[in-house]
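Here's a quick tour of a single-chain model, written for someone who likes to check the coordinates while reading. Have a look at the structure first, then follow along.

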Amino acid sequence: MARNPRSLFQAVHERLTTASTDVLQYHGFVEDHYPDVVLSNGSARPHAQLHRIAQRMRAAGVRTEVFDGSNWPSVGATKNPQARYTRRIGGRFYHMEHQPRVRDDVRLRSAMVEAVAAELG
């Protein structure tokens, strides 16, 4: 659904999103040799808030990296129409891919949520 530019999901996204909107999508993945969390805005040019969230997550013990166009391309959200739309109108898009280690551990999951809340709060 998130990858279909002609879905009801996309239509609602476009109706609700403005240039001042922060859009946050949580996703899960399983990939050997990847960090616990990969953050992206769907492009090769991540915004500064993604790097600050990554720093907060790392400080809490969550192995986190930011997609920059070359590393971890399978979870970079480059085909995500919500990311494209949000960036095009000037909003901020936060795409977060989580390994099972984070999803299954209450402490790590909480640290991840707190890192995002502290930055976007």
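Let's start at Glu 114, which sits in helix H5, the stretch covering residues 106-120. Keep in mind throughout that this is a predicted model. Is Glu 114 buried or exposed? Its relative accessible area is 54%, and the bar for exposed is over 50%, so Glu 114 counts as exposed. For a sense of distance, take Ser 43: Glu 114 and Ser 43 are separated by 71 residues in sequence, and their C-alpha atoms lie 24 Å apart.

Now compare another pair. Gln 10 and Pro 81 are also 71 residues apart in sequence, with a C-alpha to C-alpha distance of 7.4 Å. Gln 10 belongs to helix H1, residues 8-16, and is buried, at 2% relative accessibility. Which residues does Gln 10 contact once neighbours within four places in sequence are set aside? They are Asn 4, Pro 5, Pro 81, Gln 82 and Tyr 85.

**The overall picture**

Zooming out, the chain contains five helices and four strands. Their order along the sequence is α-β-β-α-β-α-β-α-α. The C-alpha trace spans about 35 × 30 × 25 Å along its principal axes. How does the radius of gyration fit in? A compact globule of 121 residues would come in near 14 Å, and the chain has 14 Å, so the two agree.

Of the 121 residues, 45% count as buried. The accessible surface adds up to about 6700 Å², and carbon and sulfur atoms account for 50% of that area. If you're thinking about electrostatics, there are 17 positive and 12 negative side chains, and the centres of the two sets are 7 Å apart. Contacts reach far along the sequence, too: among those between residues at least 6 apart, 74% join residues at least 24 apart.

**The cores**

Which residues of the largest nonpolar core touch the most other members? This core has 16 residues, and the ones in question are Val 37, Leu 39, Ile 53, Met 57, Val 62 and Met 96. Strand S2 (37-40), helix H2 (48-59), strand S4 (92-98) and H5 each contribute at least two residues to this core. H5 gives the most, with five residues.

Val 62 is a handy residue to click on here. Leaving out neighbours within four places in sequence, Val 62 is in contact with Asp 36, Val 37, Met 57, Val 102, Leu 108 and Ala 111. There is also a second, separate core of six residues, including Phe 29, Tyr 34, Phe 67 and Trp 72.

**Some individual residues**

Here is how four residues sit in the model.

| Residue | Relative accessible area | Class |
|---|---|---|
| Thr 86 | 0% | buried |
| His 98 | 3% | buried |
| Ala 77 | 12% | buried |
| His 33 | 80% | exposed |

Where is Thr 86? It lies in helix H3, residues 81-88. Its contacts, not counting residues up to four places away in sequence, are His 13, Thr 17, Val 23, Gly 91, Arg 92 and Phe 93. With a relative accessible area of 0%, Thr 86 is buried.

His 98 is in strand S4. What does His 98 touch, ignoring residues up to four places away in sequence? The list runs to Tyr 26, His 27, Gly 28, Phe 29, Asp 36, Val 37, Arg 103 and Met 112. Asp 36 and Val 37 also turn up among the contacts of Val 62, and Phe 29 is one of the residues in the second core.

Finally, two backbone angles to check on your Ramachandran plot. His 33 has a phi near 70°, which is positive although the residue is not a glycine. It's located in the loop between strand S1 (22-28) and S2, and at 80% relative accessibility His 33 is exposed. Ala 77 likewise has a positive phi in a residue other than glycine, near 60°. The loop holding Ala 77 runs between strand S3 (64-66) and H3. Why does Ala 77 count as buried? Its relative accessible area is 12%, and buried means under 20%.

How values were computed. Residues numbered from 1 in each chain as written. Heavy atoms only, no water. Rg over C-alpha atoms; globule rule 2.2 N^0.38 Å. Buried < 20%, exposed > 50% of the residue type's maximum accessible area, 1.4 Å probe, protein only. Contact = heavy atoms within 4.5 Å. Areas by Shrake-Rupley, 256 points an atom, 1.4 Å probe, with all protein chains shown as cover. Lys, Arg positive; Asp, Glu negative; His and termini not counted. Charge placed at Lys NZ, Arg CZ, Asp CG, Glu CD. Core = buried A, V, L, I, M, F, W, Y, C linked by side-chain atoms within 4.5 Å.
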